Amino acid sequence: MATAKVREILSWYSSENPGVKANLARLMNTGRLAGTGKFVILPVDQGFEHGPARSFAPNPGGYDPRYHIELAIEAGCNAYAAPLGFIEHVASDYAGDIPLILKLNNSDSLSKGHEPCSAITGSVEDALRLGCAAIGYTIYPGSGARNEQYQDLRDLILEAKAVGLPTVLWAYPRGAGLSKEGETAVDVVAYAAQIAAQLGAHIIKVKPPKDHVEQAEAKKVYEKFGIPTASLKDRIAHVVQSAFNGRRIVIFSGGEAKGTDEVLKEVAEIAAGGAFGSIMGRNAFQRPKAEAIQLLHSVMDAFAKAK
Amino acid sequence: MATAKVREILSWYSSENPGVKANLARLMNTGRLAGTGKFVILPVDQGFEHGPARSFAPNPGGYDPRYHIELAIEAGCNAYAAPLGFIEHVASDYAGDIPLILKLNNSDSLSKGHEPCSAITGSVEDALRLGCAAIGYTIYPGSGARNEQYQDLRDLILEAKAVGLPTVLWAYPRGAGLSKEGETAVDVVAYAAQIAAQLGAHIIKVKPPKDHVEQAEAKKVYEKFGIPTASLKDRIAHVVQSAFNGRRIVIFSGGEAKGTDEVLKEVAEIAAGGAFGSIMGRNAFQRPKAEAIQLLHSVMDAFAKAK
Amino acid sequence: MATAKVREILSWYSSENPGVKANLARLMNTGRLAGTGKFVILPVDQGFEHGPARSFAPNPGGYDPRYHIELAIEAGCNAYAAPLGFIEHVASDYAGDIPLILKLNNSDSLSKGHEPCSAITGSVEDALRLGCAAIGYTIYPGSGARNEQYQDLRDLILEAKAVGLPTVLWAYPRGAGLSKEGETAVDVVAYAAQIAAQLGAHIIKVKPPKDHVEQAEAKKVYEKFGIPTASLKDRIAHVVQSAFNGRRIVIFSGGEAKGTDEVLKEVAEIAAGGAFGSIMGRNAFQRPKAEAIQLLHSVMDAFAKAK
Amino acid sequence: MATAKVREILSWYSSENPGVKANLARLMNTGRLAGTGKFVILPVDQGFEHGPARSFAPNPGGYDPRYHIELAIEAGCNAYAAPLGFIEHVASDYAGDIPLILKLNNSDSLSKGHEPCSAITGSVEDALRLGCAAIGYTIYPGSGARNEQYQDLRDLILEAKAVGLPTVLWAYPRGAGLSKEGETAVDVVAYAAQIAAQLGAHIIKVKPPKDHVEQAEAKKVYEKFGIPTASLKDRIAHVVQSAFNGRRIVIFSGGEAKGTDEVLKEVAEIAAGGAFGSIMGRNAFQRPKAEAIQLLHSVMDAFAKAK
Amino acid sequence: MATAKVREILSWYSSENPGVKANLARLMNTGRLAGTGKFVILPVDQGFEHGPARSFAPNPGGYDPRYHIELAIEAGCNAYAAPLGFIEHVASDYAGDIPLILKLNNSDSLSKGHEPCSAITGSVEDALRLGCAAIGYTIYPGSGARNEQYQDLRDLILEAKAVGLPTVLWAYPRGAGLSKEGETAVDVVAYAAQIAAQLGAHIIKVKPPKDHVEQAEAKKVYEKFGIPTASLKDRIAHVVQSAFNGRRIVIFSGGEAKGTDEVLKEVAEIAAGGAFGSIMGRNAFQRPKAEAIQLLHSVMDAFAKAK
């Protein structure tokens, strides 16, 4: 039976069909955080996004697709997320071992001079035949190509719902509309979380916001109403509030690789701010496996004991 | 049984199938203005359009999607309009409590440097499965991307009609073709209302026009025929006339948040000019709930006693 | 806002999308029984099923399709149910006045010598364009053609759900598998209610069961466990229990025309047994209108005061 | 501009789209009866139904498809109805000269030993490419194959409506369920008219009923309520009443060839009974053309001066 | 029966199916010019193209969509052409009263800085459900966006033909390829008529050409072969010749509003040059109705007595 916490979270998705709810429940009932309503997900799309050497040279075991799903399983993650090739390579041999999230679009780093836009590289049909529990998708709010991304998402999310698959949405502001600093500005990240929720995402993934307000119109409001943005904890709380007052699952990425202490300090604040979890890629798979598992366990513990 | 007024208004839509008429009737038979043929609709798309803090910080209850539909129900609005995420969050728990309008396209404020164009973020299929009474859509006459918007609307409106859903069209002139002042010029707003009606909209939403004529060719005509534009009442009457001589439902937005007296003074003129109602977002949900209900009731009273 | 009773009933349909729930809510929020969770529906398919003179000669106003929808509206019924032609004739002129149920299959009495089977005479597409709140369908458990009926229903119910339409299922046991008396035997009616619920019906319509057990195997069980069937009230309670222990809406037909006292005495027992309402055709429209309204009001009162 | 009579008749079809209404108007605004709301239609499907010699030997000009459309035009009929081959042969050369009704199903007389059922021999697509104003279809109530016929009609009528084509329905009771005499029994013909109307037909074509009541259950009602059936006029009135109390267009066939006086006497009673017109095949095209035109004019005069 | 003239014109369209021919015949068999092969059509798309006040302020009755169709009917025009909204507003109430032409694309005057291109605002499906006799479409030869326009037209014209609808093509040269004067240059208008005919248009609408030759290459030819362009009559004859030597229907617009004498003088020359008629909007609906009817009658007379 689902815990009261899991039932409460599912109640926020009351318009969804039982298939979508059941897959959300699967994600919440898996791993060391099962039943807590908290999430630690292992995503490995960096091979596509940044290239293989940048991703896997620090810990060459990661060139092998089996490495990551085993890491996710051994560490007790809620789910493992990856592009089509990585998922296809392991879906059969590890069938049923851990919920899979098929990332349906991905962007490589080989071309330049255009507004950020990922290619659609997988389908809902793929997610079903591979036994996945959810689809994943990335939007770039602020991009000149955002409308095409939102519209493609509209189609995918509707198709996925119909077959009982929830959507995990990576919302990464970037593009001509934003300064580099603005990509992680607290107003912009909160806005991205809101957009993701309005587009119908079930689980929203954003970056931890910085203490910077990008938009002039927003700045007036943050000042007038004294929205606190000095501590990461406060900023996290604001982003979670911005996703339907905490009634959508919002999880945060770990970002670039860094030291264990640094990671855990950041996670502690993220957890304290009311986040539903972390999605941690490079900080996990670029470490030796034992260290990675230890780190992931520490991260899980941080979320387990929060609120 | 529908009132004579509701029957009269429905008679203007005689080419529509009974499904479209029944949903128009539902909108007119709901709330405190039921049976009068007048409308006060609560729209909450500002989270998507302007960002969460700018929208909800003034009255933080509004971060929660339930706040708005409850406000609409408690105030006795004819309908509640919002993007997919907000509608999905409440459609099941408040099923049947108030007619819903699913806004099918939305535009965020994070990107720059392109002609105004909303992304299509919902579908007619969504509107049906969520039990909505109408679809909503925004066009930007004056935008370099207007043709794509009109064409996408053509497809959506035809698809919606076939399944009995009427269309509420937000017609907001903006883009390279217009000065900032021109966006609310009386000739431009009247023109936008005409375009909306010609595109097949059932309910047309425009901004209250200012005493300014933007287009040189129009200016000659307004002067030659002495079209009065000095008072808001006269301008409203001209816009309503421009939408098939008052035989299409035209409602006006409240625009930016302002003081109660200012709102009610404007509404009094809008009602006196023959408008069919108001669509009032920020001026409603950014106030404390009790005040908002009081204001909405005053607005409804103004329309109820007009003509 | 829906009453607690309506919310409770809707909670039994939690796997449905908000569109289906909203239409169930519309049915429950209409007419004199609005908010009670009880139903009195006027069905007029007898012109098709029994022929025009047998149906309408007793009260010739009923030859006119407008008569019946006006009777349903004036009496304060929850809904009006009829085949395509009758619905089409009134759907536009009475748009929005009362929830409509389009009966998608119908059977005439002109042919002989085959197992009972209705023809499919309308579609979900028709229900949408005509603005209906539900589809209706008839199955004949016991017929040699039952499987085709169940399979066609499977398709229609799935199609209807996707667009937010619930299904009202007439479950009338008849055919080579049953004696004439067996068609209303308590075990058979209870079985039909169970089949209807298992097929996915949202509202189940059966005939009041008689104190007769048709099936030998069932007879043993009814005797062994002392299932009371002597009073109509007990039999109704057993049928309601047989439809998911009262967690599906079960309503009962009035059957052949009879005297007012007889009708009301029967209804009192039906209501006492826990039925959700009556669907009353001939006993309503074959009386003069004023008498029919009076009778329908009495029936509504009986249900309103039950439990 | 349409006459008041035509407008009144169109008002009975208020749920239809303007395309269907416009084609109904075309039928009513054509020929010598234009504007009266009355119809005389020439149908020539006997070549298919009875064979060429039985149909055309009496007046061999009729072997040529051009003969019939010219007769219909010269006589001032409202429309000409025929199967695909006859329509295709003349549709181009006489384009626009008279409204065409494409009979979409037909039955030949070469096979035996099965329940009556026509083959579908044309399509809505054919009707459009050939410039027809309506489709025609035949049902055989009483046939063991009636359900397939009703279901095929359901699809065709929906498809035709969507593209603006009304449906003319030949309702000819026959089959195992009926005695030979019963095929034209007054209760059976009235029942067939009701079924046709409930199936969504716009124009209903039945045979003039005989003074015979076929069904035992009906007989009781006809006697109890004293429904007059002695005169043809009374029987016609009853059939028209049975088609939605005269709010559907019901026209009557002339049946087998007979003498002019006999035809006109029958037509006089049909017109007096409130029929909307006649559909007259063999009695027209099996006479020499001049005589046929004279007869058709007399028939038209009878309808023109009725009520 | 069609006149010899109508038959002759239809013979030029011998590759079309009977549906297209029947609708062309309907256009030619309607109004005061019925049977002459000449056309006077009332087009009212100026509300969309120029804005409501510029279009309707001179005669405010025209704000009401009913005004125009009534003017067209009362004046005895062959057809009434308008965008979706205007057609929808009247199609049901005036069903069958006059052939309707649904203009499938339209362009507003609110945007700037791009090559001329209309938005597609209606569909063939709309034309059918609204009972129209033809579709209308505008191309801008000379525009940088001409190819998209021609290609969209290709699809629409093919789709329309399949369902029996002919195409009326507005061919208005404009865009970066042409000087302002060049838009009505005789070589350019003749060229536009040729393009329209080659694209498959059934009825071609161009502006009366001026005595100017725009293109250098054309100028040499006009001079070398002494093509007369001094009189409007000669220029009209040349344009008609350029549309398949007069074997396509070419009609001319009246252009901007002007005095009655001026209009009639121009029309006299147009008629003398062999034009098939006029399409007259502003010069008709911007006058008081009685005057407009008188003017339209005079125009019709001019065409009726020509050749």
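Colleague: Hi! How many residue pairs are in polar contact across the interface of chain B and chain D?

Modeller: Zero, counting pairs with both residues at pLDDT 80 or more. A polar contact is a pair of N or O atoms within 3.5 Å; within protein, one must be able to donate a hydrogen and the other to accept it, and residues adjacent in sequence count only if both atoms are side-chain atoms. This is a predicted model, where local features need pLDDT of at least 70 and side-chain atom pairs count only at pLDDT 80 or more, while totals for chains, interfaces and linings use all residues. Residues are numbered from 1 along each chain as its sequence is written, and chains are lettered from A in the order in which they are written.

Colleague: Okay, and how many residues are in contact there?

Modeller: Four of chain B with four of chain D, contact being heavy atoms within 4.5 Å.

Colleague: How much area do chain B and chain D bury between them?

Modeller: About 270 Å², 44% of it on carbon and sulfur atoms. Buried area is the accessible area (1.4 Å probe) lost on putting the two parts together, summed over both.

Colleague: Which residues of chain B supply 79% of its share?

Modeller: Ser14(B), Ser15(B) and Pro18(B), more than any other three residues.

Colleague: New topic: what happens at the start of H5(A)?

Modeller: A side-chain oxygen of Asp64(A) comes within 2.8 Å of the backbone nitrogen of Arg66(A). Helices are DSSP runs of H or I, at least four residues, numbered from the N terminus.

Colleague: And what follows H5(A)?

Modeller: Gly76(A), with a positive phi near 80 degrees.

Technical notes:
Side-chain values use heavy atoms; hydrogens and water are left out. Helices (H or I, at least four residues) and strands (E, at least two) are DSSP runs, numbered from the N terminus.
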